2 protein chains.
Amino acid sequence: MNPSFETFSQGEEIITGQVVDTNAAWLSQQAVALGFTVTRHTAVGDKLEDLIQLLLDIANRADCCICTGGLGPTSDDLTAEAVAKAFNLPLVFDEIAFSQIEQFFGNRNRAMPECNRKQAMLPQGAIRLDNRTGTAPGFALHLGRCWFAFVPGVPPEMRTMFLDHIQAMLSNQFTLQPSRLITIKTIGMGESDLQERINRIAIPAKVQLGFRAEIGEVQTKLLFPNDYPQAQQESLTNEIAHAIGDAVYAIEGLKRQSHDQQTVDLISVIDQLMITQGHTLAVVETISQGLLAAKLVGVSWLLSANYEQSLEKLTQRLEISNNLDDMMAAAKAIADAVQKSTDADMVLIQLASAGYYSNPHNIDSITVTNALFVKGKAYYTVRILTGDIKRKQQQAALSALDLLRRYLQGKDLI
Amino acid sequence: MNPSFETFSQGEEIITGQVVDTNAAWLSQQAVALGFTVTRHTAVGDKLEDLIQLLLDIANRADCCICTGGLGPTSDDLTAEAVAKAFNLPLVFDEIAFSQIEQFFGNRNRAMPECNRKQAMLPQGAIRLDNRTGTAPGFALHLGRCWFAFVPGVPPEMRTMFLDHIQAMLSNQFTLQPSRLITIKTIGMGESDLQERINRIAIPAKVQLGFRAEIGEVQTKLLFPNDYPQAQQESLTNEIAHAIGDAVYAIEGLKRQSHDQQTVDLISVIDQLMITQGHTLAVVETISQGLLAAKLVGVSWLLSANYEQSLEKLTQRLEISNNLDDMMAAAKAIADAVQKSTDADMVLIQLASAGYYSNPHNIDSITVTNALFVKGKAYYTVRILTGDIKRKQQQAALSALDLLRRYLQGKDLI
């Protein structure tokens with residue numbers, strides 16, 4: 001039997017619904033992958049007696065619990081105090097934690113406010129969990145039946161600390177039989193289309209099939225039990241990926257790896273291919289309005305990005321004859337000029353259907369044409385965008401990235 | 001004292017983290033607005049004994065609970081059975097519920113599968129809650145101390161049923177005194193700095209003070225009880241906002257409004273001021289790499305946005321003499337050229353400290369100078385950015401927006 005796992009989220013902003021608790025879901029996914037059975041999520045506010053009672057309950061019923069939130073410097077951050085009261089442990093000043101907090105402020109040329117001193121007080125016997133992205137250190141300790149870890153509620157800090165420290169500690173503390181999760185990542189295909197293609201394949205009852213949809217991207221998840229033969233895992237995964245086709249941009253977890261599986265996203269796939277193939281890129285955005293460039297932050301090969309409210313303005317600025325009747329001809333002319341001024345060997349131009357420029361807030365569907373110019377040749381895709389302006393912006397940025405990905409992977413441009 | 005309120009979410013997809021539970025947050029917001037105090041969220045999976053125990057616990061400790069999920073037709077939908085077992089109530093066939101389910105399938109020209117018959121079995125004494133968008137009817141009943149409502153977990157069905165039925169039932173069942181939430185929104189000031197400034201002010205114990213931090217933005221929340229005089233709500237809010245100073249960009253909820261209060265974010269504040277003051281803008285981004293333009297999607301006054309990997313390239317392209325030793329002189333020259341080519345009356349240039357260009361992935365802190373040129377005059381702020389490259393990108397975009405906001409609101413540029 002798998003050890004049981006709970007999450008415990010603390011904070012008025014969670015309990016009053018101002019913030020959706022995404023930590024519980026993220027931690028549960030990690031716990032399932034490691035081989036725990038998740039039994040419960042609980043969230044409570046900033047009331048000390050509620051925190052104490054819940055800690056006592058969980059210490060009595062669960063094998064492992066990760067608690068998020070309540071480690072900040074302010075008066076409504078009560079987690080350490082609740083642990084101390086619930087289990088009769090004094091709070092002890094941790095010098096290393098304190099010097100880390102001081103350093104956090106020092107690095108920003110600021111004096112540490114007095115209230116942050118409180119964050120260095122940890123329950124006696126706890127193991128300090130260093131936080132390299134924020135001020136609040138976490139801590140871990142056994143209480144009753146349960147091994148507890150306490151981390152901040154800010155999602156990026158929480159995730160970093162889980163991956164830095166907690167993941168390895170869990171593997172050491174518990175005897176786990178991890179199931180294996182393989183994720184097939186696709187872009188540009190809807191969930192029901194995907195499901196229709198997969199329906200043709202017989203999937204054994206022991207394998208859990210799930211879907212997770214985001215804007216533009218759908219992840220197909222296959223959870224294999226620990227004793228499922230590896231060769232059969234791989235052949236089933238490949239069969240499904242083949243049925244889905246060129247929309248698949250990556251498969252995660254197919255190769256059995258070390259514990260911290262690297263997640264592969266669309267940008268990292270493109271980044272690797274651009275570097276391997278030695279390309280540089282300049283982009284001209286319309287509907288995505290900067291979001292395409294923004295998603296590529298940190299890559300070495302994006303030389304230039306441009307957005308102009310009107311394409312006329314852009315052609316004028318680039319001193320191209322104004323030939324917008326023929327959009328692709330205009331795109332080619334823009335690309336040539338951009339290529340010359342930036343020295344990028346690839347230029348990606350995004351063109352919206354004419355109606356977009358006159359009323360970008362219109363919620364009807366519009367057409368985006370992404371055109372990629374490489375060594376004098378043009379490659380393009382046409383996509384329909386729907387929804388409000390922010391959704392269209394996201395879809396436009398992703399459709400441009402997908403064109404780039406399909407070109408680099410040698411996939412069909414459809 | 002407000003009646004207490006809990007949410008209870010049922011389902012393996014929630015507990016294993018495949019789905020983020022947004023229902024708990026949505027229901028809690030509704031409950032707070034009505035005058036409940038939300039005390040706890042709990043989620044469990046599809047184990048009958050867990051469901052029964054949790055129902056008994058909640059019946060014993062809460063005044064009101066809304067349960068989502070577990071009302072479907074399949075064998076893992078156990079909510080009605082759990083209620084029956086926990087409180088010794090037989091399940092009774094509800095003819096009206098059954099005819100509604102039959103009609104749901106009839107409207108889609110499909111025969112009702114036999115398993116859906118189960119959805120018409122409700123605990124004895126329960127009030128049926130009609131579901132006009134799905135097959136599963138909900139139900140409501142008093143169990144122990146607590147008034148329970150059970151609804152499907154599919155968010156649109158759940159929301160429709162809450163607004164159709166439950167909202168009015170809660171107002172009838174309970175004596176509610178809605179409290180009033182005022183939110184002071186600030187940008188560019190950390191949570192601990194904010195708290196130090198607020199600490200000087202005596203805040204009555206009846207007023208709940210809370211903070212919510214996102215990257216670059218902190219919200220200070222004041223929750224006033226129903227009987228707190230309005231004039232005193234306003235004077236306390238203004239006193240706090242004054243102590244915080246020019247970092248305040250908006251106050252939400254200060255004017256008593258109709259039920260659905262409009263939220264004000266940084267972009268909407270800037271948008272309104274840009275339109276009222278009749279400005280247009282062109283931006284040149286470095287560290288924010290398109291994110292500044294992307295955040296401004298849909299505004300009418302952003303004419304152009306530009307990102308170049310190297311500032312040398314930009315000056316070269318704009319045919320400006322390469323005078324990067326003096327960053328502000330270079331910025332002025334770039335701004336003049338951009339102003340000429342775009343016709344925007346405002347140009348915002350973002351300059352990173354030199355180290356950034358050689359190694360943008362360096363996680364040390366860097367300095368960003370945002371310079372705004374309006375009618376030949378320069379306005380600028382200098383900010384320290386920290387963290388990984390994505391965090392710096394966010395901070396850089398927000399710091400540029402904050403400069404624009406401070407200029408438009410006539411605040412100090414510090």
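Two strands count as paired if DSSP finds at least two bridges between them. Helices (H or I, at least four residues) and strands (E, at least two) are themselves DSSP runs, numbered from the N terminus.

This is a predicted model, where local features need pLDDT of at least 70, side-chain atom pairs count only at pLDDT 80 or more, and totals for chains, interfaces and linings use all residues. Residues are numbered from 1 along each chain as its sequence is written, while chains are lettered from A and ligands numbered from 1 in the order in which they are written.

**Confidence**

Chain A has a mean pLDDT (the predictor's confidence in each residue, from 0 to 100) of 88, and 94% of its residues reach 70 or more. For the complex, the predictor gives an ipTM of 0.76 and a pTM of 0.77.

**Strands and a hairpin in chain A**

Here is how the strand pairs line up:

| Strand pair | Sense | Bridges | Facing residues |
|---|---|---|---|
| β15(A) (346–352) and β16(A) | antiparallel | 7 bridges | A:V347 and A:F373 |
| β16(A) (366–374) and β17(A) (377–385) | antiparallel | 9 bridges | A:A371 and A:Y380 |
| β14(A) (302–308) and β14(B) | antiparallel | 5 bridges | A:N306 and B:N306 |

The hairpin of β16(A) and β17(A) has 2 residues between the strands. A:K375 is found in that loop, and its phi is near 45°, a positive value in a residue other than glycine. Most residues other than glycine have a negative phi. Is A:K375 buried or exposed? It counts as exposed, because 7 C-beta neighbours lie inside 10 Å. The cut-offs are 20 or more other C-beta atoms within 10 Å for buried, 12 or fewer for exposed, and partly exposed in between, with C-beta atoms placed from the backbone.

Chain B has a residue of this kind too: B:D343 takes a positive phi near 70°. B:D343 sits in the loop between α12 and β15 (346–352) of chain B, and it counts as exposed because it has 12 C-beta neighbours inside 10 Å.

**Helices**

Over in chain A, helix α6 (residues 155–173) bends by about 45° at A:F162; the bend is the angle between axes fitted to the seven residues ending there and the seven starting there. A:F162 is also one of the buried residues of α6(A), along with A:E157, A:M158, A:M161, A:I166 and A:L170. What do these buried residues pack against? Their partners are α2 (23–34), β3 (64–68), β6 (127–129), β7 (138–143) and β8 (146–151) of chain A.

In chain B, B:A329 belongs to helix α12 (residues 327–342). B:A329 is partly exposed because 13 other C-beta atoms lie within 10 Å. From B:A24, B:A329 is 305 residues away in sequence and 54 Å away in space, C-alpha to C-alpha.

**Domains and the contact between chains**

Chain A is split into domain 1 (4–173), domain 2 (180–263) and domain 3 (267–409), with bounds from an automatic or database domain assignment. The C-alpha centres of domain 1 and domain 2 of chain A are 33 Å apart.

Between the chains, the contact (C-beta atoms, placed from the backbone, within 7 Å) takes 55 residues from chain B and 59 residues from chain A. On the chain B side, the elements giving two or more residues include α2 (22–34), β2 (37–44), β14 (302–308) and α14 (389–409). That side divides into 21 nonpolar, 25 polar and 9 charged residues. Here Ala, Val, Leu, Ile, Met, Phe, Trp, Tyr, Cys and Pro count as nonpolar, Asp, Glu, Lys and Arg as charged, and the others, Gly among them, as polar.

Methods:
Contact = placed C-beta atoms within 7 Å.
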